[in-house]
Amino acid sequence: MSIIRRFRKHGYATVVGAAFIAALTQPAQAASQTDMTATAGTDDEYGFNQPGDPAAVIGHRGSSGIAPENTMPAIASSVASGAEYFEIDINHTADGEIVAMHDETVERTTDGTGDIRELDYEYVRTLDAGSWLGPAYVGTEVPHLREVLAYMQQTGAQMLLEYKDDWGPQEVAASAALIQKYGVEDQIIVQSFDLTTMESLQQELPQVPRMVLGNITPDAIETAHALGAIGYNPPVADVLENPEWVQQANEAGLQAYVWTVNDEEEWEALTEIGVEAIITDYPIDLIWWNASQIHPPQPQS
């Protein structure tokens with residue numbers, strides 16, 4: 001039985017619960033976490049891994065494998081685990097408030113109904129976004145972006161921020177104002193699948209680095225360059241089918257992140273390819289796996 005399977009079988013929830021409590025009671029500890037660029041293979045601000053280098057760990061929608069996705073418990077658990085970044089999705093309500101929400105509708109992850117962009121914030125803030133996962137999370141709220149940014153300001157945590165669907169310049173400008181208000185520009189990377197949104201980010205939030213989300217296509221690298229991005233973020237299946245693409249992206253000056261990967265065999269394959277970051281629902285598992293791959297030199301006889 002692998003180290004990760006043993007960990008999940010014996011006391012996983014207890015260990016993560018303790019880590020989560022520690023994150024809430026001792027938030028300053030998060031500020032000491034390793035910067036994503038620490039394993040970079042060059043002197044550039046955003047460097048590149050060599051094949052076999054451990055990838056940076058990004059918690060997908062927080063630690064969404066063990067806490068309600070895109071909520072403060074999931075975010076705090078990801079940070080407490082030691083992940084370099086946590087990732088969340090944001091969208092805006094009918095009255096222009098910005099909240100953490102992946103789907104176009106609220107049904108899957110809350111006890112409410114309706115399209116997020118057709119609902120007022122006063123309704124969204126009353127929704128229970130945690131009870132679907134278990135009684136421990138009853139009453140967990142859909143967080144406003146300002147709550148997430150305040151947590152980052154307090155802890156020094158770093159975020160990969162995905163803008164869902166299409167955002168015009170006015171909507172992006174509203175998010176930019178919040179990011180600037182909390183002074184966390186240097187703790188964030190923004191990304192989107194939507195190229196119109198990416199153009200709005202380039203225009204309204206130029207000081208924050210950008211990633212492009214999408215499949216590996218013949219024009220992926222060209223698209224990232226046109227949008228002034230630091231990298232490209234494809235799904236794991238694309239990377240495993242096109243492993244040579246990672247080196248091509250690196251040679252073009254782009255980092256390669258990969259989503260969403262929860263399998264040890266895929267972690268191993270991606271590490272051998274040399275991706276810069278892996279997005280996972282179980283960041284603490286990937287951190288343990290990374291640590292298990294480090295073999296100290298044996299003393300000579």
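Select Asp89 to begin: in this predicted model its relative accessibility is 0%, so it counts as buried. Add Arg61, whose side chain meets that of Asp89 in a salt bridge at 3.6 Å, N to O. The pair joins distant parts of the chain: Asp89 sits in strand 2 (residues 85-92), and Arg61 in the loop between strand 1 (56-59) and helix 3 (72-81), 28 residues apart.

Keep Arg61 on screen and select Glu69. Their side chains also form a salt bridge, 3.2 Å from N to O. Arg61 is buried, with a relative accessible area of 14%, and Glu69 is buried at 11%.

Now extend the selection to Asp103 and Arg108. Together with Arg61, Glu69 and Asp89, these residues are linked in a network of salt bridges.

Glu69, Asp103 and Arg108 lead to the next stop, since they are among the residues lining the largest cavity. Others to select there include Asn70, Thr71, His102, Val142 and Pro143. The lining divides into five nonpolar, four polar and three charged residues, around about 60 Å³ of space. The whole structure has three cavities of 30 Å³ or more.

Move to Glu162 and Lys164. They form a salt bridge with the closest N and O atoms 3.0 Å apart, and both residues are buried. The structure holds eight salt bridges.

Finish with the aromatic pairs, of which there are four. Select Phe193 and Trp259: this pair is edge-to-face, 5.7 Å centre to centre, with 90° between the planes. Phe193 lies in the loop between strand 5 (188-192) and helix 7 (195-204), and Trp259 in the loop between strand 8 (255-258) and helix 11 (264-273), 66 residues apart. Phe193 is partly exposed at 40% relative accessible area; Trp259 is partly exposed at 26%.

Note on methods:
Residues are numbered from 1 along each chain as its sequence is written. This is a predicted model: local features need pLDDT of at least 70, side-chain atom pairs count only at pLDDT 80 or more; totals for chains, interfaces and linings use all residues. Side-chain values use heavy atoms; hydrogens and water are left out. Rings of Phe, Tyr and Trp (its six-membered ring) pair if their centres lie within 6.5 Å; planes under 30 degrees apart count as stacked, over 60 as edge-to-face and the rest as tilted. Helices (H or I, at least four residues) and strands (E, at least two) are DSSP runs, numbered from the N terminus. Buried means under 20% relative accessible area, exposed over 50%, partly exposed in between (1.4 Å probe, protein chains only). On a 1 Å grid over the protein atoms alone, a cavity is a set of points where a 1.4 Å probe fits but cannot get out, and a pocket is an open set with protein on both sides within 12 Å along at least five of seven lines; lining residues have an atom within 4 Å of a point. Grid points are joined across faces, edges and corners, and a volume is the space filled by probe spheres set on the points. Ala, Val, Leu, Ile, Met, Phe, Trp, Tyr, Cys and Pro count as nonpolar, Asp, Glu, Lys and Arg as charged, and the others, Gly among them, as polar. A salt bridge is a side-chain nitrogen of Lys or Arg within 4 Å of a carboxyl oxygen of Asp or Glu.
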